[in-house]
Amino acid sequence: MRILIVDDHPIVASGCRAVLADEGEIDILEAADAESGECVFIVERPDICVIDINLPTVSGFELARRILDRAPEARIIMFSMNDDPAFAARAIECGAKGYVSKTGDPDDLVEAIRAVGNGGTYLPSAIARSIAFAGPALAQNPLAKLNAREMEILRLLSAGKSLSEIAWLVQSSYKTVANTSSIMRQKLGVKTSVELVRLAIDSGVA
């Protein structure tokens, strides 16, 4: 089995290698950002992709979207420091087959890879329970109104990127990004980009 790990912290990839050392014949591929991760996926076609949500340029969610656009059958596990059920729910909506928190049990990653490698799905039991019981709260979160592309643009706006920079990063046109920003403001009931960014920061997106 070949596993692509996309994470900008070398120690994480090393940790993954150590955790998976007893799992038989596993070939681990590495990438440090979305662009190189996409290139490795195209060339190597790994069996499973383990993608960190917080990557240096565009997020792991955006990379997952790009990979699934190319290969809808791709098996992706999202990997994050955040155990907030909203992030796990977002990962599932994006098409990921699994979600693992870096702060959880190291065996979670092994179990996720086994489950997803066998064609299944995986959520740690604690996160699955949180999603099950946080249903109303997740629905009330204003950001729940946004789709994956809108969330990515919001995150980049919060990071101080201009619309032109965002268009380049998400491989879209300036006009499309500007229109999306306008739609987001309408959905969230804010009038300016400053208010949009403030809402993102308050909601933990930035």
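Are Glu62 and Arg66 buried or exposed? In this predicted model, Glu62 is buried, and Arg66 is buried as well. The two residues belong to helix α3, where they stand four residues apart, about one turn of the helix, and their side chains meet in a salt bridge with an N to O distance of 3.1 Å. An α-helix has 3.6 residues a turn, so residues three or four places apart point the same way. The surroundings of this pair are best approached through the strands.

Strand β1, which covers residues 2-6, has four of its five residues buried and is therefore largely enclosed by the rest of the structure. Five bridges join β1 to strand β2 (residues 27-31), with the two strands running parallel, and within this pairing Leu4 stands opposite Leu29 of β2. The connection between them passes through helix α1 (residues 10-19), and β1, α1 and β2 together make a right-handed β-α-β unit. Strand β1 is also joined to β3, again in parallel, by four bridges; here Ile5 has Val50 as its bridge partner in β3, while the partner of Val6 is Ile51.

Strand β3 (residues 48-52) is mostly covered, with five of its five residues buried. In a regular strand the side chains alternate between the two faces of the sheet. In β3, Ile48, Val50 and Asp52 lie on one side and Cys49 and Ile51 on the other, and both faces are covered. Besides its bridges to β1, strand β3 pairs in the parallel sense with strand β4 (residues 76-80) over four bridges, a pairing in which Val50 stands opposite Ile77. From β3 the chain crosses through helix α3 (residues 60-70) to β4, and this β-α-β crossover is right-handed. The helix that carries Glu62 and Arg66 is thus, because of that path, the connecting element between β3 and β4.

Strand β4 has five of its five residues buried, so it too is largely enclosed by the rest of the structure. Ile76, Met78 and Ser80 point one way from this strand and Ile77 and Phe79 the other way, all of them buried. Met78 takes part in pairings with two strands: it is the bridge partner of Ile51, and it stands opposite Tyr99 in β5. Strands β4 and β5 pair in the parallel sense over four bridges, and together with helix α4 (residues 85-93) they make a right-handed β-α-β unit.

Helix α5 (residues 107-117) has as its buried residues Asp108, Leu109, Val110, Ala112, Ile113, Val116 and Gly117. What covers these residues includes strands β1, β3, β4 and β5 (98-101), together with helix α1. The helix is followed by Gly119, whose phi is positive, near 90°.

The wider organisation of the chain is given by its domain assignment, which sets out domain 1 (2-138) and domain 2 (143-203). The centres of domain 1 and domain 2, taken over C-alpha atoms, are separated by 24 Å, and the contact takes 11 residues from domain 1 and 13 residues from domain 2. The area buried between the two domains is about 910 Å², of which carbon and sulfur atoms give 42%. Between domain 1 and domain 2 the count is one salt bridge. Glu62, already described as a partner of Arg66, also forms a salt bridge with Arg149, the closest N and O atoms being 3.3 Å apart.

A search of the whole structure finds 12 salt bridges. One of them joins the side chains of Glu38 and Arg70, at 3.4 Å from N to O; Glu38 lies in helix α2 (residues 34-44) and Arg70 in helix α3, so the pair ties together parts that are 32 residues apart in sequence. The two partners differ in their surroundings: Glu38 is buried, with a relative accessible area of 11%, whereas Arg70 is partly exposed, with a relative accessible area of 47%. In helix α8 (residues 148-158), Glu152 and Arg155 lie three residues apart, about one turn of the helix; they form a salt bridge whose closest N and O atoms are 3.3 Å apart, and both are buried. Salt bridges that share partners join Glu38, Glu62, Arg65, Arg66, Asp69, Arg70 and Arg149 into one network.

Definitions and conventions: Residues are numbered from 1 along each chain as its sequence is written. This is a predicted model: local features need pLDDT of at least 70, side-chain atom pairs count only at pLDDT 80 or more; totals for chains, interfaces and linings use all residues. Side-chain values use heavy atoms; hydrogens and water are left out. Buried means under 20% relative accessible area, exposed over 50%, partly exposed in between (1.4 Å probe, protein chains only). Two strands pair if DSSP finds at least two bridges between them. A crossover is right-handed if, with the strands pointing away from the viewer, the path from the first strand over the helix to the second runs clockwise. Domain bounds come from an automatic or database domain assignment. Contact means heavy atoms within 4.5 Å. Buried area is the accessible area (1.4 Å probe) that two parts lose on being put together, summed over both. A salt bridge is a side-chain nitrogen of Lys or Arg within 4 Å of a carboxyl oxygen of Asp or Glu.
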